[in-house]
Amino acid sequence: MPRGPLRLGYPWPGSRPTGCNINYRICSPTAWAPPADLSAAARVLADAVDHGHPQALYWRGEVALAAAQPAEAARWFGLAAEQGIALAQFALALLIESGDGPTQDVTVAGDWYRRVAESGMAQAQNNLGVLYADGRLAVGSDGHGAAFWLGAAARQGFADARFNLGAWYDQGG
């Protein structure tokens, strides 16, 4: 059975990463600790948002997520995602897929994963491939959605995708 999609858990300024892949900002949910003063982080980021910095929208989402406010995080991630911030698109897809945001909708999550997967993010390619492999997204006309996206991520050296692709083929995919 393919491994499930990656979970949110990004290191950010002031966090204490403990085993994250900093280059991709992908971690297990327990691999980082948020900054000690979330309200101070929110104030600094609010100022950056007011000055038009789109990345600050994404980081506001991270602060909201650390404060256990997933609906608020989804709102900030959505604003950043609409401006083309790939990490925000990926984070929003994770929240929508899991139902930790305001709604759970695998089709909408798949659309967000596809946007960022097409830009080359291996994690999004993997997660999109898992949705196809699990049958949670309708397969495209070529019938090879899982193989295409898992293969794309695996060719980038993404270990989870290599495992998932092998497991999918092993199960008759």
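Start by selecting α4, residues 86-98. In this predicted model, which asks for pLDDT of at least 70 for local features and 80 or more for side-chain atom pairs while totals for chains, interfaces and linings use all residues, the cover over the buried residues of α4 includes α2, α3, α5 and α6. Residue numbers count from 1 along each chain as its sequence is written, and side-chain values use heavy atoms, with hydrogens and water left out.

A few terms before you click further. Helices (H or I, at least four residues) and strands (E, at least two) are DSSP runs, numbered from the N terminus. Buried is under 20% relative accessible area, exposed is over 50%, and partly exposed lies in between (1.4 Å probe, protein chains only). Contact means heavy atoms within 4.5 Å.

**Stop 1: α4 and the glycine after it**

Because 11 of its 13 residues are buried, α4 is largely enclosed by the rest of the structure. Show L87, A88, Q89, F90, A91, L92, A93, L94, L95, I96 and E97 as sticks: those are the buried ones. Now check the length. The expected span of a helix is 1.5 Å times one less than its number of residues, and for the 13 residues of α4 that gives 18 Å, in agreement with the 18 Å between its end C-alpha atoms.

Step just past the end of α4 to G99, which takes a positive phi of about 85°. G99 lies in the loop between α4 and α5 and is partly exposed, with a relative accessible area of 30%. Draw a distance from its C-alpha to that of A109, 10 residues along the chain, and you should read 9.9 Å.

**Stop 2: the core**

Next, select Y58, F77, F90, L92, Y113, A124 and L128. These have the most contacts inside the largest nonpolar core, which has 49 residues. A nonpolar core here is a set of buried Ala, Val, Leu, Ile, Met, Phe, Trp, Tyr and Cys residues joined through side-chain atoms within 4.5 Å. Which helix gives the largest share of this core? That would be α4, with nine residues.

**Stop 3: α3 and its neighbouring loops**

Move to α3, residues 70-82. Its buried residues are A73, A74, W76, F77, G78, A80 and A81. Its 13 residues should span 18 Å at 1.5 Å a residue, and the end C-alpha atoms are indeed 18 Å apart. After α3 comes G84, with a positive phi near 90°.

On the other side, pick A68, in the loop between α2 and α3. Most residues other than glycine have a negative phi. A68 is not a glycine, yet its phi is positive, about 60°. Is A68 buried or exposed? At 66% relative accessibility, A68 counts as exposed.

**Stop 4: α6 and its crossing with α5**

Select α6, residues 122-133. This helix is mostly covered, with 11 of its 12 residues buried: A122, Q123, A124, Q125, N126, N127, L128, G129, V130, L131 and Y132. They pack against α4, α5, α7 and α8. The span checks out too: 16 Å expected for 12 residues, 16 Å between the end C-alpha atoms. Just after α6, G135 has a positive phi of about 80°.

Add α5 to the view. The two axes come within 8 Å and cross at roughly 145°; axes are lines fitted to C-alpha atoms, for helices over the stretch in contact, and angles run from 0 to 180 degrees between N-to-C directions. α5 passes α6 in a left-handed crossing, meaning that the near helix is turned anticlockwise from the far one by less than a right angle (clockwise would be right-handed). For the contact itself, show V106, G110, Y113, R114, V116 and A117 of α5 against A124, Q125, N127, L128, L131 and Y132 of α6. By class, that contact has eight nonpolar, three polar and one charged residues. Ala, Val, Leu, Ile, Met, Phe, Trp, Tyr, Cys and Pro count as nonpolar, Asp, Glu, Lys and Arg as charged, and the others, Gly among them, as polar.

**Stop 5: α7 with α8**

Now try α7 and α8, whose axes come within 8 Å and cross at roughly 145°, with α7 passing α8 in a left-handed crossing. A146, A147, L150, G151, A153 and A154 of α7 make the contact with A161, R162, N164, L165, W168 and Y169 of α8. Its classes are nine nonpolar, two polar and one charged.

**Last stop: zoom out**

The protein chain has eight helices and zero strands. Of its 173 residues, 49% count as buried.
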